Amino acid sequence: GPYVVKEALPVGFTNTTPNPVTLTAPAGGTAIADFGNQQQGTVNGTVYNDKNGDGVQGAGEPGIPNVTVQLISATNNTVVGTTTTDANGYYSFGFVNPGPYVVKETTPSGYAPTTPTTVPVSVPAGGAASADFGNQQTATIVGTVFNDVNGSGVQEPGEAGIPNVTVQLVNPTDGITIIATTTTDANGNYSFTSVAPGMYDVRETDPSGYASTTPNDVLVAVP
């Protein structure tokens with residue numbers, strides 16, 4: 001008569017054949033149900049503070065904890081696992097079926113990535129794949145646009161900030177590429193946050209009815 005044969009899948013393996021199997025046992029005969037299993041693998045890596053921005057974890061560059069990392073199937077683009085890094089910036093996905101995946105990092109607040117935030121990996125049967133992620137701490141550029149009443153080039157008591165003035169952050173290499181744009185607040189203050197280390201050109205657009213008493217372009221180095 002008809003039967004269903006079911007295998008209890010061993011830990012650390014995934015099925016490569018149907019489980020369970022439906023078959024019919026003939027009178028006086030034999031029915032066969034075989035089961036194939038393939039060893040699972042792991043995916044691991046480190047999210048680290050790339051202080052010098054070279055994309056490689058060097059001495060003195062610690063791991064970053066509590067960073068979200070996802071494992072995504074490259075076959076159907078579905079998330080198959082989510083985890084967070086430990087105190088040392090280490091993460092791991094265990095019992096991963098062999099095949100192609102994408103490992104995706106969520107860049108932690110206050111950092112800019114120095115390596116790709118998505119890394120394709122191939123998990124071998126019974127083996128491991130690895131993907132590391134480097135991030136460099138960002139900084140803030142701030143300043144004030146003010147009414148330089150006496151034309152001294154220095155903001156002195158009684159010289160108020162000028163609101164609604166356009167300030168741009170420009171790539172100093174070509175002097176053309178605008179990285180970010182903002183406007184001054186009611187006190188004439190502006191800020192650019194989450195700025196990666198490097199050289200920048202801060203450019204002011206003179207407000208109507210004013211002439212500059214300081215340079216409109218200021219080169220700044222973000223440590």
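**Entry 1: the salt bridges**

I began with Asp201, which is buried in this predicted model, its relative accessible area being 9%. Since buried is set at under 20% relative accessible area, I then looked up the residue that Asp201 pairs with, and found that Asp201 forms a salt bridge with Arg203, with 3.3 Å between the closest N and O atoms. Arg203 itself comes out at 23% relative accessibility and therefore counts as partly exposed.

I next asked which other side chain meets Arg203 in a salt bridge. The partner is Asp217, at 2.6 Å from N to O. Arg203 belongs to strand S18 and Asp217 to strand S19, so this pair ties together parts that are 14 residues apart in sequence. For Asp217 I noted a relative accessible area of 39%, which means that Asp217 is partly exposed. I recorded Asp201, Arg203 and Asp217 as linked in a network of salt bridges, and the count of salt bridges comes to two. As a reminder to myself, side chains of opposite charge can pair when their charged atoms come close.

**Entry 2: the sheet that holds S18 and S19**

I followed S18 and S19 into their sheet, which is open, has four strands in the order S16-S15-S18-S19, and is paired in the antiparallel sense. Which strands stand at the edges? They are S16 (178–183) and S19 (217–222), and each has a single partner strand, so one side of each is left without a neighbour in the sheet. With direction ignored, I find neighbouring strands of this sheet turned by 25° against each other on average.

I also checked the pairing at the S16 end, where S15, residues 166–170, and S16 are joined by five bridges in the antiparallel sense. Within S16, Ala180 is the residue that stands opposite Leu169.

**Entry 3: the largest pocket**

I turned to the largest pocket, for which I noted a volume of about 430 Å³. Its lining consists of 25 residues, and those nearest the centre of the pocket are Thr144, Val145, Phe146, Glu204 and Thr214. The elements that give two or more residues to this lining are S14 (139–144), S18 (198–204) and S19. Strand S14 supplies the largest share, which is four residues. By residue class, I divided the lining into 14 nonpolar, seven polar and four charged residues.

**Entry 4: strand S13 and its partners**

Last, I looked up strand S13, residues 133–137, and asked how many of its five residues are buried. Four of them are, and I entered the strand as mostly covered.

I then went through two strands that pair with S13, beginning with S5, residues 41–49, which runs parallel to S13 and is joined to S13 by three bridges. The other is S10, residues 111–113, which pairs with S13 in the antiparallel sense, also over three bridges. I traced both pairings to Asn135 in S13: Asn49 stands opposite Asn135, and Asn135 is likewise the bridge partner of Pro113.

Notes:
Residues are numbered from 1 along each chain as its sequence is written. This is a predicted model: local features need pLDDT of at least 70, side-chain atom pairs count only at pLDDT 80 or more; totals for chains, interfaces and linings use all residues. Side-chain values use heavy atoms; hydrogens and water are left out. Two strands pair if DSSP finds at least two bridges between them. Axes are lines fitted to C-alpha atoms, for helices over the stretch in contact, and angles run from 0 to 180 degrees between N-to-C directions. Buried means under 20% relative accessible area, exposed over 50%, partly exposed in between (1.4 Å probe, protein chains only). On a 1 Å grid over the protein atoms alone, a cavity is a set of points where a 1.4 Å probe fits but cannot get out, and a pocket is an open set with protein on both sides within 12 Å along at least five of seven lines; lining residues have an atom within 4 Å of a point. Grid points are joined across faces, edges and corners, and a volume is the space filled by probe spheres set on the points. Ala, Val, Leu, Ile, Met, Phe, Trp, Tyr, Cys and Pro count as nonpolar, Asp, Glu, Lys and Arg as charged, and the others, Gly among them, as polar. A salt bridge is a side-chain nitrogen of Lys or Arg within 4 Å of a carboxyl oxygen of Asp or Glu.
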